[in-house]
Structures are given as C-alpha cells and as structure tokens.
Amino acid sequence: MGLSDSSKNPCQKSLSAQILKWASTQCCFFARCFLKFNLRLDFGVGTAGSPLAKKHIEPRGKKGSLPFSELDNVESHLSITIVGASGDLAKKKIFPALFALYYEDCLPKNFIVFGYARTKMTDEELRNMISRTLTCRIDKRENCEDKMDHFLKRCFYHSGLYDSEEHFVELNSKLKEREAGKLSNRLFYLSIPPNIFVDVARCASLGASSENGWTRVIVEKPFGRDSKSSGELTRCLKQYLAEDQIFRIDHYLGKELVENLSVLRFANLIFEPLWSRNCIRNVQLIFSEDFGTEGRGGYFDSYGIIRDIMQNHLLQILALFAMESPVSLDAEDIRNEKVKVLRSMRPLQLEDVVVGQYKGHSKGGKSYPAYTDDPTVPNDSLTPTFAAAALFINNARWDGVPFLMKAGKAIHTKRAEIRVQFRHVPGNLYKRNFGTDLDKATNELVLRVQPDEAIYLKINNKVPGLGMRLDRSDLNLLYRARYPREIPDAYERLLLDAIEGERRLFIRSDELDAAWALFTPLLNELEEKKIVPELYPHGSRGPVGAHYLAAKHNVRWGDLSGEDS
Ligand SMILES: NC(=O)C1=CN([C@@H]2O[C@H](COP(=O)(O)OP(=O)(O)OC[C@H]3O[C@@H](n4cnc5c(N)ncnc54)[C@H](OP(=O)(O)O)[C@@H]3O)[C@@H](O)[C@H]2O)C=CC1
Ligand SMILES: O=C1O[C@H](COP(=O)(O)O)[C@@H](O)[C@H](O)[C@H]1O
C-alpha cells in the first residue's frame, strides 16, 4: 500500500508542514519507522501543505500574487510520472499543461517529469516529442524558449511494461536518484487504456510509491462501462490505493465556465432565487463536435457517446447546476451535495432517449465518412455517436423540470453549453407583441463552455423609437472581451489541484456509483434489445428524433433557434 494522502484544512496543513520540515531535516528516521510498520501517515506535506492550497482566496501562479517557488519553503521534491507518455492524450494535453504550469511558476522548485510507456525512447527523444507539441501551441508566450529548455531538462523517460513490478522498481531507482534524498511526493498520471489501470496501480504502488511523502494517482476515464465493471474497478484499485490517493479526472470539471457555475449561483443574489422549478422551465446540456471518431474508433465502439460524454461530462455539469448549496467550498461538502442530487434522479429508460449514428455524406465536392467506414469499427455496429436524453430530479427544487442532454459527434458545429430556459411571465402585459408564440418571450440564460467562453442572458427589450416594438436582446459577458488573457486549459487546473491535494474537481467513488446507477439500466436495454440508432448525415444537426423527444417534454432546443450569434 502506498502512503495515504489526506489534505486537511490550511491550519492543519501548515502545522503539518512545519512538523514535516523538522522531521525531514532532522529526523527522517521516524518517518521510515512509521512506514516499516505500515502506518498511514497523514502529513499533508509539501505542496499540498503550502499556503497555495488556500486557492479559493489566493490566486495561483505568477499572474496571481504568490509564485509557487517563493512559497515552497519545505524542501520537498515533486516527481510526476506520465504512464502512457507515448500516447495521444499525453502529447496533446498533459505535457503542454505541465509546461504551462511551469511557465506560470505553479510547480514547486524541485520537480521532475518522467514519461513511462512500452515504446523505446531516450530522454532526448521524449524531450523532442514534447518540444514538438509545445512549439506548435505556445510559441507566443514571452521567454518561452528559455523556459522550455529549462522545463525539458527536467523531463526523463523510462521504458517498461505496464504489468511489471520490476520495471516500476527500476523507475523507482531513477526517481530516487533525481530526488536526491529529499522528501518526495509522487504523482502518477494513468494516461493509458482502462484495461491496464489496475496493473499499473499495482506496480506503481508496490514498486514506485514514495517512501517519505505522498503518492497520488490520477486515473483517466472511462471508469468502467456500467455499474458492475465500475464497482469492480474501484474495488481492484482500492487493493493498492486508498480512496484519497485516487484522483478520478473528468476534464470538463476543469473548464473555466464549469468552475464558474457555482460562483454564478452562489455569489450572485439575482440567480439563486430563480434557480428552481418556480422559474425554470427546462435546462439543456449540449455537447457537439464537428468531427467524427477518427482515430479513436476502436475505443469508441465499445463505449459509445452515452458513456463517453453523457454519463460523465454532462452529468457532472448537471450535478453542479442542480445541487443544493454546499456547507462550504470544501471538496467533501461539494461532493456530498452532488451525490445527493444524483441519487434523487430517476434512472433512465428507453423512452427517455433517442440514439443516432452518423452516416457518410458529400457536400461541396467533399465527402465525409460514415462512422462504420472506420476500419476499426464493425460494419454492423449499433454504437450511438449521438444521443439525446430527458432526465428528471425528484426533489422539491426540481420536481417536473426536464433536464435535456444532447451529445453528438460529426454534428455541424463544435460546442458545449448549458441553456436555462425560464418560464413565461405570468399575465405578461406585452403578450400581444409576441404574437401567438409566447415561447419567444421567455428569458434564456446561456453558459457557453466552449468555444469562445461566454455567459449571456436573453431578455426582452424595447426597440428604441416612438412605437412599442420589442425584441430579444442579449446581456452578454463575452470572456475574450472582458478578460483578454488566455484561459488555462482544463488539464492545467486539474493537474495543479492534484498536486495541491485539492479533490473538489475529482470524482469520488460514491459519485461514480450514483452516476452509473442512472445510466446502466438504459445501456443494458439498448444493448439487449439491439436498438438501431437513427442515421444522420455527417455534419448535420443530428437526428430528427431529438426534436420529438424535446417536444414530448414541451421543450425546444435552444441551440437550434437560430438566435445565437
Ligand atoms: N485522447 C483523448 O483525447 C482522451 C483520452 N482519454 C483517456 O485517456 C487515456 C489515454 O488516452 P490516449 O492517450 O488517447 O490513449 P492511447 O491509445 O494513445 O494510449 C496511450 C498509450 O498507452 C499504450 N497503449 C495503447 N494501447 C495499449 C494496449 N492495448 N495495451 C497496453 N498499452 C497500450 C501506448 O503506449 P506504448 O505502446 O508506448 O506502451 C499508448 O501510447 C485513455 O483512458 C482515454 O480513454 C480521455 C479523454 C480524452
Ligand atoms: O472525454 C472526451 O472529451 C473529448 C472532448 O473534450 P474537449 O475538451 O475537446 O471538449 C471528446 O472528443 C472525447 O471523445 C471524449 O473521450
């Protein structure tokens, strides 16, 4: 078993940090004795114990008030190992996010990054690989090249198998060599296919856990494919890791607008009183991508859009949107509220969903492939690449309010947004100005998660002039206009949180169970009954069935109204 990791409140943390400083400089012996007897140490040491952990109050990084290096007064070391370093996610997201954190002075003074995978690579080859992905992304930053050189010098590689404890022991020796006897915290990022999560957790925990600091493991999705397999995965991981060492990542929780959801609700008097069935008619959670599953067809075909997007990203947003006010911003308080709302929901049935799959299509002399054209996808695959669903929360706040989700690949546009449609104004004095379509008179709040982050509220407004003409207008908070700085990528925020021991944006195991309990009966039914998805052309607006589903609940999809700019 690796070292347990429990970050407590800041006061406790700073006390722990002082004890640890003393312990690490004068009396490492005690720590080793504790370990020998397999006691779970609860130091909350190193970076997690730094004042930066008070991040609800303090901004982070050099653009904030307190650069990490100045705060890093405990002589600790941080080793980050990316398992699956040769893969797509590592290249696309994880290494760039780590560099961005380094660039912003958000990493501690003593840190190293190790890549681990089966592919044979030298340190230099790993550095070249990282540098290629970095140069095409962040070359506009000031002093970027110098910083990049310094960062790359701290990157190393070890090639090994995922199920070989011996190879992780070799990694351990390399880590120790560079940690040079300092108190060292270790973070492992499992950026690998899910069938090898448990092997890696076992080998990393037994072969390469930190001997004197914390060991944490970030686990990528998918966390199973249904309640049973997810429960099994949790049980297996817990043979080697304590729950507080496991950081289940859902990168949508790290997106700026998703983080802002709670601020919008709980830091503004004007929204919270409206946030219930009394004023809200329906809520829509929409995700679409304007490309298919190209290159990931093999993975996608055994998961499908419901598991890939709805059961995690959209459901997490829904939980944050609908939860009651937490007792505090503490991770456990927030996650308790999310679990409560998830457990108040009715599990989905077949009649609550519409599924679709994209078909080939030609437009303007260009042809777009069907999902089943992918050589890694069977020709007769019934896997949905699109789904729309209606969910209901059986509690006093949300009784009767439809929460509609829609997620699709190969749709005409890329977007992720939350749309809140409000009720009609009772006894509206201006009713006749809207003709017979009173729906056009309702307010709508839109949180555009991506692209081009924005929050806008559709209101009815008098068109200036002598007559009385109304139109729908937007109160628009466009992020690029209001905050002309680069918005950090979700992976930056989440990596930093894992380093600091902040669990608020990671999924707890009971949350995961509740999420699977909602979707598993539906997923089983879709598979058992071999439900045939409705075909929609690649690049279209998705299957028509999604409109019927919405209409059944008296809803119109806001993204198709044609009103958005
Ligand atoms: N890519 C993305 O956009 C996203 C990915 N994820 C999740 O992140 C994780 C990593 O994703 P991604 O980087 O795309 O995955 P990859 O398929 O690129 O796999 C990552 C690495 O794992 C090793 N690997 C691949 N297949 C196998 C296998 N069958 N058995 C053993 N090792 C294998 C390979 O390294 P080597 O051969 O060198 O050992 C590969 O470079 C997955 O769990 C995925 O679901 C989540 C969100 C988005
Ligand atoms: O988790 C996943 O997310 C991506 C979309 O992420 P985004 O940050 O680019 O919106 C999706 O393409 C992928 O299928 C899914 O596994």
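**Entry 1: Met310 and the core**

I began with Met310, in what is a predicted model. Leaving aside residues up to four places away in sequence, I found that Met310 touches Ile305, Leu315, Ala387, Ala389, Met405 and Ala407. I then asked which residues have the most contacts inside the largest nonpolar core. Met310 is one of them, listed with Leu190, Val217, Leu314, Ala387 and Met405. Ala387 and Met405 are thus on that list and also among the residues that Met310 touches. The core has 132 residues. I noted that helix H12 (residues 304-322) supplies the largest share of this core, 12 residues. I also looked up where the core lies: domain 1 (10-249) and domain 2 (254-423 + 509-560) both give residues to it, so the core lies between them.

**Entry 2: The two domains**

Next I checked how the chain is divided. Domain 1 covers 10-249, and domain 2 is written in two pieces, 254-423 + 509-560. I looked up the contacts and found 13 residues of domain 1 against 11 residues of domain 2. On the domain 1 side, helix H9 (residues 227-240) gives the most, with four residues. By class, I have that side down as two nonpolar, six polar and five charged residues.

**Entry 3: The sheet**

I followed the strands of an open sheet with seven members. Their order is S3-S2-S1-S4-S5-S6-S17, and the pairing is mixed. Which strands stand at the edges? They are S3 (155-159) and S17 (506-507); each has a single partner strand, so one side of each is left without a neighbour in the sheet. I reminded myself that strands of a sheet pair through backbone hydrogen bonds, either parallel or antiparallel. For S17 and strand S6 (residues 246-249), I found the antiparallel sense, over two bridges. In S17, Ile507 is the bridge partner of Arg248.

**Entry 4: Ligand 1**

I turned to ligand 1 and found 18 residues around it. Those that come nearest are Gly87, Leu89, Ala117, Arg118 and Thr119. I asked which helix gives the most to this shell. That is H4 (residues 88-103), with three residues. Sorted by class, the shell around ligand 1 holds nine nonpolar, five polar and four charged residues.

**Entry 5: Ligand 2**

Last, I looked up what surrounds ligand 2. I wrote down His251, Glu289, Asp308 and Ala416. By class, the shell around ligand 2 has one nonpolar, one polar and two charged residues.

Conventions. Residues are numbered from 1 along each chain as its sequence is written. Chains are lettered from A and ligands numbered from 1 in the order in which they are written. This is a predicted model: local features need pLDDT of at least 70, side-chain atom pairs count only at pLDDT 80 or more; totals for chains, interfaces and linings use all residues. A residue is near a molecule or strand if its C-beta atom, placed from the backbone, lies within 6 Å of it. Ala, Val, Leu, Ile, Met, Phe, Trp, Tyr, Cys and Pro count as nonpolar, Asp, Glu, Lys and Arg as charged, and the others, Gly among them, as polar. Two strands pair if DSSP finds at least two bridges between them. A nonpolar core is a set of buried Ala, Val, Leu, Ile, Met, Phe, Trp, Tyr and Cys residues joined through C-beta atoms within 7 Å. A residue is buried if 20 or more other C-beta atoms lie within 10 Å of its own, exposed if 12 or fewer, and partly exposed in between; C-beta atoms are placed from the backbone. Domain bounds come from an automatic or database domain assignment. Two residues are in contact if their C-beta atoms, placed from the backbone, lie within 7 Å.
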